[in-house]
Structures are given as structure tokens and as C-alpha cells.
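Trainee: Could you take me through one part of this model slowly? I would like a close look at a barrel and the space beside one of its loops.

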Amino acid sequence: MDRITITPVARIRSEFPQKFGIPRQPLLSKNTVAEIVFEPEFRNPDCIRGIDNCSHLWLIWEFSEFKERHWSPLVRPPRLGGNRKMGVFATRSPLRPNPLGLSAVKLLDVKMDKTLGPILRISGADLMDGTPICDIKPYIPYADRVEDAVSEIFTVPLTLSSVRWECEPPLPRSGRRIVALEEILLQDPRPAYKHNNTGSYAFEFAGLHVEFCVEDGVVVVKKCDKVGL
């Protein structure tokens, strides 16, 4: 079998230091913010000339946390409860022959850094901090948006009804990070097979340590502190 070599062109700086808590698809949390920092050999500003004419981008990236794990023809998508088997090419499972992901993100702006060169600031990324970016392409509305597309299994994700705070967050509730956190919690980060579990869960996001549970469809935030406190 022919082999190809893929060299990461960039890495992402995101607000997700771990896998748990990351939205399962891009753009589900529109208030998350991340930065794409290019690898040294791709920091020539000519590489992104014209990119600021795009509102959205496609990111092709590596499931770097899964690349050492073996793939299987059949997988159990977590969103389907982890009990239903489907073909690997009918899902977006990270356990693939080639561990590549695809995400559409919004381009917020481009800034220049004296040391790091051009940096792309984006929102809606579903990538863990440090994830290698293999390629970046413009999102083309007339070609990439399919109005009559159907996915009978992967329908609009169910969301929880509301967030109830049993503690006072360390940041203003109207601020971007808390708004983004609530978007993430409403998507229900718990594994689908544990959706009937009333136990507590914890994760880190944007420098915050968050502990929560779900009661009757409501996310209850029990603790929210800055990391390290």
C-alpha cells in the first residue's frame, strides 16, 4: 500500500486542555476562541494572503491522542450511547485508518506576531490544545453548503434545558468565557451511555476548573474556580 507523509502546518492553542468537555462537533459553542499558530517553515505571510476575505475555514487535523490506537471496521459512536455499532466510514470516530478530523470554524481575525508570524484567531473549534493542524482550506458557501443534506442517524443534537449555578463563578457571567462554558454544558459533555447518571463530572476549560451534574435536564454547576486555586 502506498504511504504518504503529512507534515503539520500549524498547531492550535485552544481553551480545552483535555478531551473531556470538548464539543462533539465544531461551531456548537460559538463563543469559544482559539488561535492557530503556524510551524516555523509555514510562517511566511504569503501563505495566508487573502485568507482575511474568508468568514470560515476548514481545518484538517490529526487525532493526536488516538494515533497509537488500532482502528476497527466497526465502531461505537459515543453520541449513539456507545452500544450501537456502525461502520467506521459512516461515523466521525477518531479510531480511523488515518486519524484525521475535519472542522469548520469561524475566522475572527488575523494578527501578526514578531516571533510567531501570522496567527489566525478562530471561534467554534472542537480541538484540544496543541492539536496538529495538517491543512487549512477556505469554506466556500456555494459549494460546501448542501441545503437538502440528510443524516438520518446524526440529527440535530439534543441539548439540556438550562444551567443552574450553585456557586458564584470567578468571572462575570456575561463575559465570553462563562457564556462559552454554558454553551458547552448545555451540549451535555457526559458520555451518552451515562446520560442517566446523576453523578458529578469535572473538566477544565479556559483556565477554569468546573464540576457539574445533571438533574432533570438541568445542568447544575457545583463548583467553578480558576485552575490552581
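Mentor: Happy to; what follows goes from the barrel to one of its strands, then to a loop residue, a cavity and a few places elsewhere.

Please keep in mind that this is a predicted model. Let us begin with the barrel. It is closed by 6 strands, taken in the order E1-E2-E7-E6-E3-E8, with antiparallel pairing. Within this sheet, neighbouring strands are turned against each other by 45 degrees on average, ignoring direction. As a general reminder, the strands of a sheet pair through backbone hydrogen bonds, in either a parallel or an antiparallel way.

E1 is a good strand to study, and E1 covers residues 10-13. On one side, E1 pairs with E2 in the antiparallel sense through 4 bridges. One of the residue pairs to look at here is Arg 13 with Glu 35, its bridge partner in E2. E1 is also joined to E8, residues 132-138, by 2 bridges, and these two strands run antiparallel as well. There, Arg 11 of E1 faces Pro 132 in E8. The two faces of E1 are easy to tell apart: Ala 10 and Ile 12 make up the covered face, while Arg 11 and Arg 13 make up the uncovered one. Thus both arginines named in the pairings above, Arg 11 and Arg 13, sit on the uncovered face.

Now follow the chain into the loop between E1 and E2, where Glu 15 is found. Is Glu 15 buried or exposed? Glu 15 counts as buried because its relative accessibility is 13%, and the cut-off for buried is under 20%. Its side chain has polar partners. The side chains of Glu 15 and Arg 176 make a polar contact of 2.6 Å. A polar atom of the Glu 15 side chain also lies 3.2 Å from the backbone nitrogen of Val 33, and Val 33 belongs to E2, residues 33-38.

Glu 15 and Val 33 meet again in the lining of the largest cavity. A search of the whole structure finds 1 cavity of 30 Å³ or more, and the largest cavity holds about 40 Å³ of space. Its lining is made up of Ser 14, Glu 15, Phe 16, Thr 32, Val 33, Ala 34, Ile 122, Ser 123, Gly 124 and Ala 125. E2 and E7, the latter spanning residues 117-123, are the elements that give two or more residues to this lining. By type, the lining has 5 nonpolar, 4 polar and 1 charged residues.

For another kind of space, turn to the second largest pocket, with a volume of about 370 Å³. Its lining has 13 residues, and Ile 4, Ile 6, Pro 97, Asn 98 and Pro 99 lie nearest the centre. The lining comprises 8 nonpolar, 2 polar and 3 charged residues.

Finally, set Gly 228 beside Glu 15. Gly 228 sits in the segment after E12, residues 218-226. Gly 228 is exposed because its relative accessible area is 77%, and exposed means over 50%. Its C-alpha atom is 13 Å from that of Ala 206, which is 22 residues away along the chain.

Conventions:
Residues are numbered from 1 along each chain as its sequence is written. This is a predicted model: local features need pLDDT of at least 70, side-chain atom pairs count only at pLDDT 80 or more; totals for chains, interfaces and linings use all residues. Side-chain values use heavy atoms; hydrogens and water are left out. On a 1 Å grid over the protein atoms alone, a cavity is a set of points where a 1.4 Å probe fits but cannot get out, and a pocket is an open set with protein on both sides within 12 Å along at least five of seven lines; lining residues have an atom within 4 Å of a point. Grid points are joined across faces, edges and corners, and a volume is the space filled by probe spheres set on the points. Ala, Val, Leu, Ile, Met, Phe, Trp, Tyr, Cys and Pro count as nonpolar, Asp, Glu, Lys and Arg as charged, and the others, Gly among them, as polar. Two strands pair if DSSP finds at least two bridges between them. Axes are lines fitted to C-alpha atoms, for helices over the stretch in contact, and angles run from 0 to 180 degrees between N-to-C directions. Buried means under 20% relative accessible area, exposed over 50%, partly exposed in between (1.4 Å probe, protein chains only). A polar contact is a pair of N or O atoms within 3.5 Å; within protein, one must be able to donate a hydrogen and the other to accept it, and residues adjacent in sequence count only if both atoms are side-chain atoms.
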